[in-house]
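Here is a friendly walk through one chain, going from side-chain contacts to sheets and back again. Keep the structure open beside you as you read.

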Amino acid sequence: MTNLKNYLFTSESVSEGHPDKVSDRISDMVVDSYLSSDPFSRVACETLTTTNKIILAGEVSGPQIKKDDLIEKARNCIKDIGYDQDGFSWKESTKIEIYLHSQSADIARGIDSTSNKDQGAGDQGIMFGFACNETEVLMPAPIHYSHQILKLMAEDRKSGKLMNIEPDSKSQITFEYINGKPARVKSVVISSQHSPDVSQQHVRDLLRPYIFKSIPKNFLDGFNEDELYVNPTGNFVIGGPDGDCGLTGRKIIVDTYGGAAPHGGGAFSGKDPTKVDRSAAYAARYIAKNIVASKISNKCLIQIAYAIGVSKPLSIYVDLFDKDFEKNQFVTEKIKKNFDLSPRGIREMLNLNKPIYQKTSAYGHFGRIPENNGSFSWEKTDKISVFT
């Protein structure tokens with residue numbers, strides 16, 4: 001984050017109908033399918049989506065699942081998103097190919113636990129977690145409200161309340177920060193696929209209310225609607241995978257903090273929780289959120305590093321952004337004593353070996369509401385007492 005006190009900061013979100021998010025959804029469907037049959041399955045699935053074509057590829061270790069069953073589930077994903085168009089549909093006009101094979105024995109050997117070795121990390125890498133008190137869910141304001149606009153649009157589109165708007169949409173919000181805090185919205189961009197028989201003015205009229213439904217009034221005081229850009233390039237009829245090829249894992253900044261915090265580089269979707277790209281990023285967010293919720297700090301950044309096949313993290317880095325060395329040391333020691341950050345420890349702490357991942361594939365993995373089935377368990381604030 002910037003050291004400036006007064007500045008502009010922008011984040012974007014994309015809807016579940018964005019081609020990359022369609023790919024993420026299908027890859028996470030595969031993860032959920034295997035975990036439903038065996039909670040210790042291992043999955044690394046990549047999905048490509050394009051005009052009337054879907055290709056799944058990757059490595060799996062677990063129960064035998066028929067290709068036809070995965071194809072049917074992939075079609076159900078597309079149907080739920082809302083695609084039934086000439087260039088991309090949940091129906092048979094879209095061909096689905098599956099190339100999933102067994103996990104590499106060399107990788108499995110490094111990860112597997114034995115009588116004298118705990119289960120190792122599925123890969124080397126660095127993972128980040130972040131939290132700040134800019135919103136109730138302890139997320140940066142620009143990315144949080146960018147998600148909210150698209151989420152509400154999707155809900156109304158699926159219920160039939162929002163007509164003539166198709167699944168592929170993007171949003172972007174620029175906030176003005178004063179003294180390091182979000183003060184007001186400077187500009188909003190919404191681009192959305194639409195039916196061919198509506199004008200751009202009508203699209204603007206349809207989408208404008210979602211700004212005011214999604215963003216608190218105090219951030220919109222004095223908002224100049226000349227800074228509202230709806231479909232700034234004009235017509236947007238051809239969209240989704242028919243308009244642009246989609247791939248799993250290409251929206252990692254949308255998935256996390258909208259650029260307000262570093263990202264380790266690894267994507268989340270399509271990976272089972274032995275992959276620390278995913279599970280350790282969830283754990284880092286969990287810890288950072290509980291630190292900020294405890295009010296010991298207004299924001300917190302955590303980095304965790306791993307080596308493939310090694311169970312314990314190589315390093316834990318904490319930044320509370322207040323230059324208080326003693327507090328920083330206090331928090332670091334509390335993390336080491338109270339959180340098992342081995343891959344197995346993370347999965348047990350957050351109960352990650354469940355089919356809970358399809359819901360994460362759009363509108364962010366963080367800032368969500370924990371659910372009774374275990375979804376978004378990393379968003380709980382049940383460890384506040386550790387830091388108070």
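Let us begin with a lysine and a tryptophan: K79 lies over the face of W90, at 4.4 Å from the ring centre. Please keep in mind that this is a predicted model. A second lysine, K213, has its charged end over the ring of Y210, 4.4 Å from the centre of that ring.

**Aromatic pairs**

Rings also meet other rings here, and the structure holds 15 aromatic pairs. One of them is formed by Y7 and Y177, which are stacked, with 4.8 Å from centre to centre and 10 degrees between the planes. Why does this pair tie together parts that are 170 residues apart in sequence? Y7 lies in strand β1 (residues 7-14) and Y177 in strand β8 (residues 165-178), so the stacked pair links those two parts of the chain. Are the two tyrosines buried or exposed? Y7 counts as buried at 11% relative accessibility, and Y177 is buried too, with a relative accessible area of 2%. The cut-off behind both statements is that buried means under 20% relative accessible area.

Elsewhere, ring pairs link F130, Y257, F268, Y282, F321, F366, F376 and W378 into a cluster.

**The four-stranded sheet**

The strands that carry Y7 and Y177 belong to an open sheet of four strands. Its order is β1-β8-β9-β10, and the pairing is mixed. At the edges stand β1 and β10 (228-230), each of which pairs on one side only. From one strand to the next, the twist averages 15 degrees.

Within this sheet, β1 and β8 pair in the antiparallel sense over eight bridges. L8, for example, stands opposite E176 in β8. On to the next pair: β8 is joined to β9 (residues 181-194) by eleven bridges, and these two strands also run antiparallel. Y177, the stacked tyrosine, has P182 as its bridge partner in β9, while S171 has I190 as its bridge partner in β9. The hairpin of β8 and β9 has two residues between the strands, and N179 takes a positive phi near 55 degrees there.

**Two buried serines**

Strand β1 also holds S13. This serine is buried, with a relative accessible area of 0%. Leaving aside neighbours within four places in sequence, S13 is in contact with S146, H147, L150, K170, S171 and V254. With H147 there is a polar contact between the side chains. The C-alpha atoms of S13 and L228, 215 residues apart along the chain, are separated by 16 Å.

The other serine, S269, lies in the loop between α8 (252-255) and α9 (276-293). Is S269 buried or exposed? It is buried, with a relative accessible area of 3%. Apart from neighbours within four places in sequence, S269 is in contact with D24, S27, D28, C45, T248, R278, S361 and H365. With D28, the side chain of S269 makes a polar contact from side chain to side chain.

The polar contacts of the two serines can be set next to each other:

| Serine | Partner side chain | Polar contact |
|---|---|---|
| S13 | H147 | 2.8 Å |
| S269 | D28 | 2.9 Å |

**The three-stranded sheet**

Another open sheet has three strands in the order β7-β12-β13, with antiparallel pairing. Which strands stand at the edges of this sheet? They are β7 (125-132) and β13 (315-319); each has a single partner strand, so one side of each is left without a neighbour in the sheet. Neighbouring strands are turned by 15 degrees against each other on average, direction ignored.

Strand β12 (residues 299-306) is joined to β13 by five bridges, and the two run antiparallel. A305 has S315 as its bridge partner in β13. Helix α10 (residues 325-338) lies across β12 and β13, and its direction is at about 140 degrees to β13.

**Looking back**

If you would like one place to revisit, try the stacked pair of Y7 and Y177. From there you can follow β1 along to the buried S13, or cross from β8 to β9 over their eleven bridges.

Note on methods
Residues are numbered from 1 along each chain as its sequence is written. This is a predicted model: local features need pLDDT of at least 70, side-chain atom pairs count only at pLDDT 80 or more; totals for chains, interfaces and linings use all residues. Side-chain values use heavy atoms; hydrogens and water are left out. Two strands pair if DSSP finds at least two bridges between them. Axes are lines fitted to C-alpha atoms, for helices over the stretch in contact, and angles run from 0 to 180 degrees between N-to-C directions. Contact means heavy atoms within 4.5 Å. Rings of Phe, Tyr and Trp (its six-membered ring) pair if their centres lie within 6.5 Å; planes under 30 degrees apart count as stacked, over 60 as edge-to-face and the rest as tilted. Buried means under 20% relative accessible area, exposed over 50%, partly exposed in between (1.4 Å probe, protein chains only). A charge sits over a ring if NZ of Lys or CZ of Arg is within 6 Å of the ring centre and within 35 degrees of the ring normal. A polar contact is a pair of N or O atoms within 3.5 Å; within protein, one must be able to donate a hydrogen and the other to accept it, and residues adjacent in sequence count only if both atoms are side-chain atoms.
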